[in-house]
Amino acid sequence: MNNKNVIIVGAGRLGKGFLGETFYNANWNISFLDKDPRVISELKKTGSYDVSVHTTDSVFTNTISGYKAFLADSNYSIADSFLNSNLIMLPLYPADFKEAAEYLGHCFDLQYEKDKNNKKTLICLTNKNHIINEITEYFRNSLKNDSVREWFDKNVVVRDSIVRRSTDAATNYSTKLVTTAVASLLIQGPVNCDFSDVKWLDVRENVEMLKDIKVFLINGPHATTAYAGYLKGYDDIAKAEQDPDVQKLIQSVHDSAVQAVLYEYPVTRNEIRELEYLPAAKDEMSDSIFRVGFDPIRKLGKNDRLLGVVKLCQKYNIKYDGLIKAAACGFAYTEPKDKNAMIIQNEIKNRGITATVAKYIDRKDNDDVVKQISQEYNKIQAGKFFNE
């Protein structure tokens with residue numbers, strides 16, 4: 001191993017399957033940190049895990065070993081690894097950043113005491129955009145005093161990224177994972193750490209704008225595939241994409257998103273192709289409806305992959321029928337393993353579809369978009385949605 005050290009906070013699918021595999025190939029020293037005892041236990045059990053990697057021209061399995069794995073315990077067993085690291089990767093859901101910051105605050109306090117010259121780069125891997133200032137404040141608020149905060153502001157950068165890689169496994173704690181390796185992680189610059197020796201990490205300008213575009217052009221149609229595919233009885237994204245009804249809906253969502261993006265952002269059609277069309281992986285890995293559809297509360301948010309495009313379509317007088325239908329499918333997503341899907345279903349049962357839609361897309365009950373989504377939802381319940 002070389003003397004470069006990375007902390008990966010969140011040792012789930014993306015943490016192990018993308019980041020662990022990527023930094024292992026670059027010969028970095030890897031330390032995983034997770035709050036789930038089973039995730040850490042499984043990593044320690046054999047001291048290795050397997051990742052099936054699908055590139056554009058080959059499929060191979062990498063066995064990742066030589067890492068350290070730490071539970072987010074009250075003893076801060078991660079402390080020594082943290083003090084020696086310059087790069088911290090955070091593949092977390094948006095709701096988990098505050099808790100992670102509160103835990104790592106003690107480590108930053110220690111860093112201030114032990115070595116004030118250490119500069120760190122934190123890279124956040126989440127599809128939610130425009131939250132880096134919020135995440136930064138989580139970290140600043142976790143520090144013990146203003147002196148540490150002043151040091152933090154000068155020596156630590158918190159950066160966003162655009163994830164363009166599918167990674168999956170049977171469970172979050174699984175040690176058998178599968179990932180595609182066809183496009184780089186796009187990282188907001190500038191950074192304090194040199195990771196130019198690590199493949200698949202690419203520092204770019206205008207990441208915030210590019211992330212909006214990526215979420216609308218890729219994640220919107222992807223979520224549409226998951227929710228419409230679920231209603232058609234599929235459990236696999238690739239199979240859902242082959243269904244003519246689902247294909248038609250995906251195309252409608254995509255076309256509206258492209259028009260909206262070209263009106264809203266200073267980009268041309270050619271400039272967005274890199275975000276819109278990723279190279280195909282050999283023997284394309286299957287991707288589960290469950291993974292892609294996970295957390296409909298977030299994905300149906302007012303500025304997210306579907307309703308965010310609706311807002312732009314209204315602004316520029318673009319048709320958005322497909323987006324309404326896709327959102328209705330999201331409200332009809334009844335996967336029992338998805339906690340937030342169940343929260344939505346309980347609200348529909350107790351409050352009705354109109355009030356539930358209004359709440360989660362943050363519009364009034366009498367708003368046209370709320371009415372349209374509710375109408376399409378009712379068609380789904382009546383078995384008429386795909387028969388029009």
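This talk goes through one sheet, one buried threonine, several salt bridges and a group of aromatic rings in the structure above.

Before I start, please keep in mind that this is a predicted model, in which local features need pLDDT of at least 70 and side-chain atom pairs count only at pLDDT 80 or more, while totals for chains, interfaces and linings use all residues. Residues are numbered from 1 along each chain as its sequence is written, and side-chain values use heavy atoms, with hydrogens and water left out.

Let me begin with the sheet. It is open, it has four strands in the order β4-β3-β11-β10, and its pairing is mixed; the edge strands, each pairing on one side only, are β4 (59-65) and β10 (167-169). On average, and with direction ignored, neighbouring strands here are turned by 25 degrees against each other. As for the terms, strands (E, at least two residues) and helices (H or I, at least four) are DSSP runs numbered from the N terminus, and two strands pair if DSSP finds at least two bridges between them. Axes are lines fitted to C-alpha atoms, for helices over the stretch in contact, and the angles between N-to-C directions run from 0 to 180 degrees.

Which strands does β3 pair with, and in what direction do they run? Strand β3, residues 48-54, is joined to β4 by seven bridges and runs antiparallel to it, whereas five bridges join β3 to β11 in a parallel arrangement. On the β4 side, Tyr49 stands opposite Ile64 and Val53 stands opposite Phe60, and the connection from β3 to β4 is a hairpin through four residues. On the β11 side, Ser52 stands opposite Val178. Five of the seven residues of β3 are buried, so the strand is mostly covered; buried here means under 20% relative accessible area, exposed means over 50%, and partly exposed lies in between, with a 1.4 Å probe and protein chains only.

My second stop is Thr121, which lies in strand β7, residues 120-124, and is buried with a relative accessible area of 0%. Its side chain reaches the backbone nitrogen of Asn192 at 2.8 Å. If we leave aside neighbours within four places in sequence, Thr121 is in contact (heavy atoms within 4.5 Å) with Asn86, Leu87, Ile88, Val157, Val191, Asn192 and Cys193.

Turning to charged pairs, the structure holds 28 salt bridges, each being a side-chain nitrogen of Lys or Arg within 4 Å of a carboxyl oxygen of Asp or Glu. One of them is between Glu21 and Arg165, whose closest N and O atoms are 3.4 Å apart. Because Glu21 lies in helix α1 and Arg165 in the loop between β9 (161-162) and β10, this pair ties together parts that are 144 residues apart in sequence. Glu21 is buried at 2% relative accessible area, and Arg165 also counts as buried, at 6%.

Two further salt bridges sit within single helices. Arg38 and Glu42, with closest N and O atoms 3.9 Å apart, are four residues apart in helix α2 (residues 37-46), so they are separated by about one helical turn; Arg38 is partly exposed at 44%, while Glu42 is buried at 16%. Arg351 and Glu347 come to 3.2 Å between their closest N and O atoms, and they too are four residues apart, here in helix α15 (residues 339-351). Arg351 is partly exposed at 47%, and Glu347 is buried at 13%.

Finally, the aromatic rings. A search of the whole structure finds 17 aromatic pairs, where rings of Phe, Tyr and Trp (its six-membered ring) pair if their centres lie within 6.5 Å, and where planes under 30 degrees apart count as stacked, over 60 as edge-to-face and the rest as tilted. The rings of Phe108 and Phe152 have centres 5.3 Å apart and planes at 80 degrees, so this pair is edge-to-face. Phe108 lies in helix α4 (residues 97-114) and Phe152 in helix α6 (residues 146-155), so the pair ties together parts 44 residues apart in sequence. Phe139 and Phe152, by contrast, are stacked, at 6.5 Å centre to centre with 15 degrees between the planes. Phe108 and Phe152 are buried, and Phe139 is buried as well. Together with Phe82, Tyr112 and Trp151, these three phenylalanines form one aromatic cluster.

Technical notes: A polar contact is a pair of N or O atoms within 3.5 Å; within protein, one must be able to donate a hydrogen and the other to accept it, and residues adjacent in sequence count only if both atoms are side-chain atoms.
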